[in-house]
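Student: Please take a close look at the aromatic pairs in this structure. I would also like to see how they sit within the chain as a whole.

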Amino acid sequence: MNIKKLHIYGFGKFYDIQIDLLSSNLQVIFGENEKGKSTIKTFITTILFGFPTRAQAGAHYEPKQGTKYGGQIIIDINGLSEITIERQKGKNGGKAIIYYEDGTIGGEEALNQLLGGMDKGLFTGVFSFSASDLQKMEQLKTDELNRYLHGASIWGKGSLNELEKKIEKGQQDLFKPSGKKPILNEKLQQLEVTRYELKEMEGQLKQYDELLSQRINLRKQQQGVNNTVTGLKDKLKIQEKLILMDPLYRKEKSVLSQLEQLPSVNHFPLHGIDQVKDSITKERALKEQFNDLEVKMTELKKQLKELTLRPDFGKIKEQAVLIKEMLYEYERLKEELTSLQLELRKLEQLIIDQKGRLGKEWNDDLILQTQTSLTAKEELKKLTQRERKSDYEREQIEIELKTKLLKLEQTKQTLKDITSECLSSEYQLKLQQQIDQAKADRSRRQELEQKIQWLNGQSKDALDYGNTRVFKIIAIALLVISGWLLYIQQWIPSILTFVFAIIMMYVSGRPKGRENKQHHQQLVEYEKELEGIKTTDDLEREIGLIERDLKENMATEHQLEVWNKQWTQEEREYNLLVGEIETCENEIQLIVNQLVLWCDKHQFVHYGSCEHQLELFDVLVEVKQNMNNKNYYKKRREEIHERMELINEIGQQLAAKLKIDQIGSLSVLVHKITETVEREQQKKIQFNEVQKNIKMVASEVETLKRKIQYLQEERSNWILKAHAKDEEEFFYFADVATERQTLEKELLILRSQQAQFTLEPLTKEQVKIYLDQASVSIEEELQTLTKQLKQAEAEQSLLENQIGRIEQEIEQLETGNNHSQLRQTYEIKKEEFQSVAKEWATFRISHLILNKAKSIYETERQPVVIQKAKELFSIMTNREYVNLFAPVSESSFIVERSDGMRFTPDELSQGTGEQLYLSLRLALALAYQAPSPMPIILDDIMVNFDDGRKVSAIRVIKEVAKKHQVLFFTCHEQIKDLFDLEATMVLS
């Protein structure tokens, strides 16, 4: 089964697109991301197995444009036939329609048969997978991998694993041999307890058992009476049906009697009656036509004798047709001659005008000597294009050069303005010195203010020199305050307070007289020095202004640096443009030199530019063409004169043969010739028509004779089939056969009406005996049966009353000792137990069947899959791994390296593991038995392979493609290049 063509009505990004695949089995489909590879892959699966429902996860690829959702796949079946599978979105995944080559149409059942019963899970598990599917297999443990292979080979990817786990969980949830919590264990324990309680209670109910026994006996009697009532009712129904059948039976006997009285006309052809009658009617009509045709034949022969023809009419007719055609030619040549005269005058004037455009130096000889070939024109065009390009480039460069120059001057002016705004280095140094001096004055002023404050304090404290104790107390307090300020991290106030405390201690311990004098002198000096320094606010303002000027100057210098770089760049670009101008000038001069050489080569007069020379070239071509046309027109004029004279001479010769007056123009002469020939032609047509009619009449006469003879033979055959002597006896037999047929149809209807009555267990013979008796006997039997039914129904009612009374007594016993409730509980629990047991048995049987299927697969099919996977894996790994094991009795999976080392799949590298899983997948596909080999779809499965193993994997894929069609999707350029170019299709 090979997919030949895809027609996508609407699916994902694709809308109304057709994709033709190669006839070879290997097709590589390359495309970058978002080009539609996954869409095509999903489209194939969807058309084969149906659309996903809205509740199912995953992309649904609904069309982005258009209303159609679906498409067609054209498939080649083993090279014998082609079928088309069409599916559009609808209920239950969309309905599939199959179109065969012979025009027949199939549906889902035919598609399922074509796919060999394969479902979507099996297809995506074995025949369609990607690198991510291989990576999912890599995550499985060894025993899980074996289960996965079972599932993929029997039902599809993962379905067998999930089914086996679900069955095992269902069994364990319902019953465990040594468990207590499972449902079945609990139900069994409860049932045993209830049965034990019921058994103890039943030992005390002898009366209850006797009543049950009586009820059973009475129900048996009731069953016998019920059977009697049923039998009597059945007999009554039969008697009622016999009464209805009696008139039908008697009518049947009457019809049979009439049939016996009619003479026997066996094998009479009833369907031939109408045909014989129709044959007689047709024969009469044919004889009338025969007489009419004989009269018509006599008249036609008389007309034929009256017509006479010329013996040389055929030759004269040919000459007349020829001269008539020549007349058209003569008139056309006459018009052409007039047109030629006019064209010649126009051409002569045009040539004069064109020579005026060329100039006086161009004469006829010089014009004809110039070479105006296509090659020469192409060379001139190239020179003209180069000239236009160079002129355009020069103009553009000059404009750009002016722009650059203007911009360069603007940049130069900007540099000049910025440079003028920058401060000189001497002025910057001076400002920095002013900042340093202002900062030094600010520090000195703060120091002097602190000293003056301290000296003023000393002067106030000197009023009481003897009170030293007070100074000591103040000093201690200051020390405490200093410690507190230190604790709250007020460092400067803490230090100042500490210094004052030390001073107070010092003052309190020494004489104060001399120190006060020194303090006063220092205070005067400090105040005098303080007056020569600016205030703190003035100094701060001065420092701020100077720092602002310096920062602005730094920004201006940075801006100047940027503009200097721009100036350098623009100057370099300007110099480059100047160089380009020189290059253009050189190119223009080269073109001028080449134009001179071209003019000398092709014998042109050189003046002006290439553009002007190209215009002259076109004018010269036109002049040369017009001069050639002029010569052609003159020659043609002479030919027309000769031809017209020849036609006139032929017309006069033909007129002489027909003895026609030759006075007048050629058209008048041809008209007279045509009239004469047409008269002769009309006589010939009449002659031929009469001959044709004679033949037709003769043919019709023969046909009528054959028809009359056929009708007579046909009637003879029907008379012979009816075993009659003549037509009169035939029609007598026909009347008898018709009457017999009517009676037989009536008999058939009566018997079909009687067959509607079912009279089991009576046979047909018994029914006839009953019906042959008098109707009074049947009615008496009906009355007897009615009487017996009433007696049986009375007995039935009596038994029902007795059973009701006994059941009431049983109910009282059951209600009194709670026996019925206990029995009901037992029955309910028993029913619940049986329901759960059935569910467990279902799981158990399913598990046994599944194990049996796995055993059959392992012993019969798995060796084939493993052997094929081993061969593919060995080729794919360049013979590095040589063996593959999957023991039947163990849940293990082993690969063997060429050096004898063995590994489980989870011990292999990612790339080698994926190569192993690819080999297994391909082996499963090759081992799968289907009506026709299914296509295999691979989606970028070699992304983790090294270069050597990619080549080996491609060799394996080509080997698989000998039996299956392989569609290989990839978005990697290097992988695509490893395949043959003719096997590759690129998605644009």
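Tutor: The answer below starts with the whole chain, turns to the aromatic pairs, and ends with some other sites.

This is a predicted model, in which local features need pLDDT of at least 70 and side-chain atom pairs count only at pLDDT 80 or more, while totals for chains, interfaces and linings use all residues. Residues are numbered from 1 along each chain as its sequence is written, and side-chain values use heavy atoms, with hydrogens and water left out.

The protein chain has 26 helices and 14 strands. These are DSSP runs numbered from the N terminus, with helices (H or I) of at least four residues and strands (E) of at least two. Of the 988 residues in the protein chain, 36% are buried. Buried means under 20% relative accessible area, exposed means over 50%, and partly exposed is in between, with a 1.4 Å probe and protein chains only. The accessible surface of the protein chain is about 61,100 Å², and 52% of that belongs to carbon and sulfur atoms. Such areas come from the Shrake-Rupley method with a 1.4 Å probe; for residues, only the protein chains shown count as cover.

Now the rings. A pair of aromatic rings is described by the distance of the centres and the angle of the planes. Rings of Phe, Tyr and Trp (its six-membered ring) pair if their centres lie within 6.5 Å; planes under 30 degrees apart are stacked, over 60 edge-to-face, and the rest tilted. The structure holds 13 aromatic pairs. One of them joins Phe11 and Phe43, edge-to-face, at 5.5 Å centre to centre with 70° between the planes. Phe11 belongs to strand S1 (residues 2-11) and Phe43 to helix H1 (residues 37-49), so this pair ties together parts that lie 32 residues apart in sequence. Phe11 is buried, with a relative accessible area of 1%, and Phe43 is buried too, at 0%. Another pair is Tyr632 with Tyr633, which is tilted, at 5.9 Å centre to centre and 55° between the planes. Tyr632 is exposed because its relative accessible area is 51%, whereas Tyr633 counts as buried at 19%. Ring pairs also link Phe11 and Phe43 with Phe51, Tyr61 and Tyr69 into a cluster.

Next, two other buried residues. Glu570 lies in helix H17 (residues 536-601) and is buried, with a relative accessible area of 5%. The side chains of Glu570 and Thr411 are joined by a polar contact of 2.7 Å. A polar contact is a pair of N or O atoms within 3.5 Å; within protein, one must be able to donate a hydrogen and the other to accept it, and residues adjacent in sequence count only if both atoms are side-chain atoms. Not counting residues up to four places away in sequence, Glu570 touches Lys407, Leu408 and Thr411; contact means heavy atoms within 4.5 Å.

His964 sits in the loop between helix H25 (947-960) and strand S13 (966-970). His964 is buried, with a relative accessible area of 6%. Leaving aside neighbours within four places in sequence, the contacts of His964 include Asn25, Phe127 and Met934.

Last, Phe498 lies in helix H15 and counts as partly exposed, at 42% relative accessibility.
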